[in-house]
Amino acid sequence: MSIVDTIKNAGQAAVQGAMAKLVPLAPDSWIPGGVPDPLIRQQHGVIGTSVSRLDGTFKVQGTARFAAEFAIPGMTYAALAYSTIARGRITAIATQAAEAAPGVVLVMTHLNAPRMNAPAVFGSSPTAVGPSDLPIMQDDRVHWNGQPIALVLAETQEQADHAVSLLVTTYAEELSITSFAAAKAEGPKPGLFMGQPLVNEIGDADAMLEAAPHRVDHVYRTPWHNHNAIEPHAATIVWEDDRLILHDASQMVAAQAQTIADVFDLKTDQVRLTSPYVGGGFGGKGLWDHQILGAAAARLAGRAVRITLSREGVYRIVGGRSLTEQRVAIGADADGRFKALLHTGVAAMTPHNNMPEPFILGTRAGYAADSIRLSVETVKMNMLANTFMRAPGESVGTFALESAIDELAVALDMDPIALRLRNEPDKDPTSGLPFSSRHIIEAWRTGAERFGWAGRSNVPGTRREGEWLVGMGCATGTYPYYRMPGAVARITLGADGHALVEVSAHEMGMGTSTTTAMVAADRLGLPLDHVSVAYGDTLIPGAIMAGGSQQTAAIGAAVIAAHNALVADLLKLAGNDSPLAGLSAKDVGSEDGGLASLEDPTRRESYVSILARAQRDAVMVTEAGSPPLELMHWSMHSHSAIFCEVRVNAVTGETRVARVLGSFDCGRILNPKTARSQFRGGIIMGLGMALMEETQFDERKGRIMNPSLAEYHVPVHLDVPEIDVIWTDIPDPHTPMGAHGIGEIGITGVAAAVANAVYNATGKRVRDLPLTLDKLLD
Ligand code: MOS
């Protein structure tokens, strides 16, 4: 196949898109002193238009291949056995019956598993993504109730599942800590998040709280939450000699491959990890025991392995959010100005894990206050390693903070929006940095108007329709803008004027591949159907993580850098016979499938013509995005104003969410269609967090008691009302493309908005998620 055909056939399907207007090269305009990027100052081209997912057709037709859908000749199927004690030693595993069961190829336990290094725990280096640094199936030790203790490979999944049920394990149990109360009694320790202390102190907050004429001071609790992506974790794994190939469901292909390479003492290029489609990832689609165990079993058996976790399996080995207990105390003057803001508390984690739920992150940049004290301390429990879960920190932190602000508004008899606006900071209150772009007031104003906030009664329990008490609540959400280093883009421009853009990124259903094509089409001055995107494969250079809502910014910076390099190369190829002769990269822009002079757009030449004259099939550039220096100069965040109307049944205590409006300020919105869907998805997850989601631990044994969607409740269609979404669409001049992340802001603040609406409806304040009806009836 010629390179031209390769480009056309690679990646995604084509859709019709608008032609981009003349696009000058983007200097790294978001860096201080950089030249402003005209592209982010105006709406133009395909950016900002609603484009349907380019991969939608493949998904609807069933041709999009997910991790558990790769078929390899001679493949075996894996099933895992999980420990039933929280801590201790395995004294024996009787494997004979399993080994003799039909179709069984291998029974692997710590006694015959290959020797492997322990994975490095995340945060310990840029490429380490182990959820814990425990060795995996290397000894007889049990560290949590649910730890994989044996793996069975068989010719079919059913045979493997059956054989695993025949294993008989005996243990010597040891003392364990499986209740939050017992863990707290051991004494909390300071929390560290990504190596940084989770502490902020400005002024004497305790004294100023004491002296404030008005104050609220309460404790808020959030439960353990488990990840419930629609696609359970899965991987199809094969060794080709000493190369390990994993088709995985991953939101971090490069970092994960590196960690796996380290586990098996392989070089980086001996591990190939692909992840073309992911059926939902919210922080949980990373490296867990199953990929490593699957690879170990594949090596031991000399067969390819497909390992698919059951829903219960996901609960046993994939962590989620951990327990938090947060105190928020606010002291205010009679006008509602914050004299003191305290947000402190405890989060549970496990002894071998590195992920305290950093619930103060959103508070750091939330409100102006004369004095501030924030801290997260941690306690250890012998349970499943916790991890990132959609807006880790902010999701649960804003429940406490934004509930407390509502409580203060009640105490002051103020409108809760007015109270928030009164404490709007003019710079970051903890870092002192200027905000790059913060239009939260605009989000509040437009949101309140659209939602009909003026119709709300400030007196709780006063609006009743039959059995139903009706109330409105609101909350602010913030989520930081991040851009991690390491992103690289490779652009291959073919002789027919089609381009292939390759980034080591991830499509988890949010529309990244579509947005990447749009950004590239925009930069290159190509119609969308001339751009293909490839991603989700470690053969593609660079390291991008779909996490921290930063993937699009990382991709954008890399695509911009690669486009700049491409233009320079094209000018060289164009040479002296081109109408562009003598022009340098800064004098030209991409437009209409070619380059044109900025000064005199009649001086132009198409890509096709440049490559034809140079007798080239293609030109390829690989370029890294600039270092994320913008983060050192500005305090950068996505913002939201969430409005909610609930109806609480006065007889049964049942809460129904009647209406939600999310009013967002997230810079420029690149693709309204996929953005709206992202915001809505986050809000729906927030409704689950508010009303239903709760992992239940048996505190005697540390076993999760509700490891299924029958018993762990998430919102179903009938639980979700009309969700209205609007945004300011004000570009941030200091980010690539003017955009902020939109992945995690959606959930942030939602639980508080619901709780505040429930208070407004009933006069009952629930400080303990989820807001189940028993808590409203007592
Ligand atoms: Mo997210 S919790 O960074 O996938």
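**A walk through domains, a helix and some rings**

Let's start with the big layout: the protein chain splits into domain 1 (3-25 + 416-482 + 632-775) and domain 2 (484-627). Keep in mind that you're looking at a predicted model. Between the C-alpha centres of domain 1 and domain 2 there are 34 Å.

Now find helix H14, residues 512-524. Its 13 residues stretch 18 Å from first C-alpha to last, close to the 18 Å expected at 1.5 Å a residue. Is H14 mostly covered or mostly uncovered? Mostly covered, with 13 of its 13 residues buried. Right after H14 comes Gly525, which has a positive phi, near 65 degrees.

Next, the aromatic rings. A search of the whole structure turns up 13 aromatic pairs. Take Phe66 and Tyr277: their ring centres are 5.6 Å apart and their planes sit at 40 degrees, so this pair counts as tilted. Phe66 is in the loop between helix H2 (56-61) and strand S2 (76-82), while Tyr277 is in the loop between strand S15 (271-274) and helix H8 (289-301), so the pair ties together parts 211 residues apart in sequence. Tyr277 is buried, because its relative accessible area is 10% and the cut-off is under 20%.

Tyr220 and Phe399 make an edge-to-face pair, 6.0 Å centre to centre with 90 degrees between the planes. Tyr220 belongs to strand S12 and Phe399 to helix H11, so here the parts tied together are 179 residues apart in sequence. Both Tyr220 and Phe399 are buried.

Rings can also group up: ring pairs join Trp444, Phe451, Trp453 and Phe643 into a cluster. Phe451 has a charged partner too, as the charged end of Arg659 sits over its ring, 3.9 Å from the centre.

Note on methods. Residues numbered from 1 in each chain as written. Predicted model: local features only at pLDDT ≥ 70, side-chain atom pairs only at ≥ 80, totals over all residues. Heavy atoms only, no water. Domains from an automatic or database assignment. Helix = DSSP H or I, 4+ residues; strand = E, 2+ residues; numbered from the N terminus. Expected span 1.5 Å × (residues − 1). Buried < 20%, exposed > 50% of the residue type's maximum accessible area, 1.4 Å probe, protein only. Phe/Tyr/Trp six-rings, centres within 6.5 Å; stacked < 30°, edge-to-face > 60°. Lys NZ or Arg CZ within 6 Å of the ring centre and 35° of its normal.
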